[in-house]
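Hi,

Here is the structure I said I would pass on. Please open it first, then read my notes below.

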Amino acid sequence: MSNIERAIKTVHAPLMKLPLKLLAIAMAVAVAGLVMWEPHQFAEAIGGFNPVIAPLMIWATCSAMVFGMSFVPHRWYWQLFFSPIIALPILIYILGLYFL
């Protein structure tokens with residue numbers, strides 16, 4: 001195990017709790033559902049699907065599902081790419097824009 005992989009596992013260890021995983025899945029399903037149900041209303045509420053928000057929203061939704069389903073990629077760079085540390089705040093921000 002390399003130092004990078006060990007560091008990633010150390011950072012992710014406190015996040016591997018069931019309530020946080022359930023929250024991640026719930027947020028990912030909520031964002032995907034809102035996009036599928038009323039895309040125009042959702043886009044207006046979050047300020048539009050611009051070139052920054054749309055890819056980040058898709059990536060954060062996918063990353064939250066990977067994390068929430070307890071899938072841990074074998075390679076350290078995929079673990080870093082699908083990290084919930086960045087994905088969950090993005091989903092919180094997007095859902096906050098919609099509901100506030």
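**The largest pocket**

The largest pocket holds about 190 Å³ of space. Its lining is made of 13 residues, and H12, M16, V72, P73 and Q79 are the closest to its centre. Two elements give two or more residues to that lining: α1 (3–12) and α4 (53–68). The largest share comes from α1, with three residues. By class, the lining has nine nonpolar, three polar and one charged residues. Keep in mind that this is a predicted model.

**The nonpolar core**

In soluble globular proteins, nonpolar side chains tend to be buried together. Which residues have the most contacts inside the largest nonpolar core here? They are V31, F42, A60, A64, L88, L91 and I94, in a core of 20 residues. At least two core residues come from each of α2 (18–37), α3 (39–46), α4 and α6 (84–99). Take A60: leaving aside neighbours within four places in sequence, A60 is in contact with A87, I90 and L91.

**Helix α4**

α4 appears in both the pocket lining and the core. The helix α4 has 16 residues. From first C-alpha to last, α4 reaches 22 Å, close to the 22 Å expected at 1.5 Å a residue. Its buried residues include I53, M57, W59, A60, A64 and F67. What do the buried residues of α4 pack against? Their partners are α2, α3, α5 (76–81) and α6. Just after α4 comes S70, with a positive phi of about 65 degrees.

Best wishes

Notes: Residues numbered from 1 in each chain as written. Predicted model: local features only at pLDDT ≥ 70, side-chain atom pairs only at ≥ 80, totals over all residues. Heavy atoms only, no water. 1 Å grid on protein atoms, 1.4 Å probe; cavity = no way out; pocket = protein on both sides within 12 Å on 5 of 7 lines; lining within 4 Å. Points joined across faces, edges and corners; volume = space filled by probe spheres on them. Helix = DSSP H or I, 4+ residues; strand = E, 2+ residues; numbered from the N terminus. Nonpolar A, V, L, I, M, F, W, Y, C, P; charged D, E, K, R; others polar. Core = buried A, V, L, I, M, F, W, Y, C linked by side-chain atoms within 4.5 Å. Buried < 20%, exposed > 50% of the residue type's maximum accessible area, 1.4 Å probe, protein only. Contact = heavy atoms within 4.5 Å. Expected span 1.5 Å × (residues − 1).
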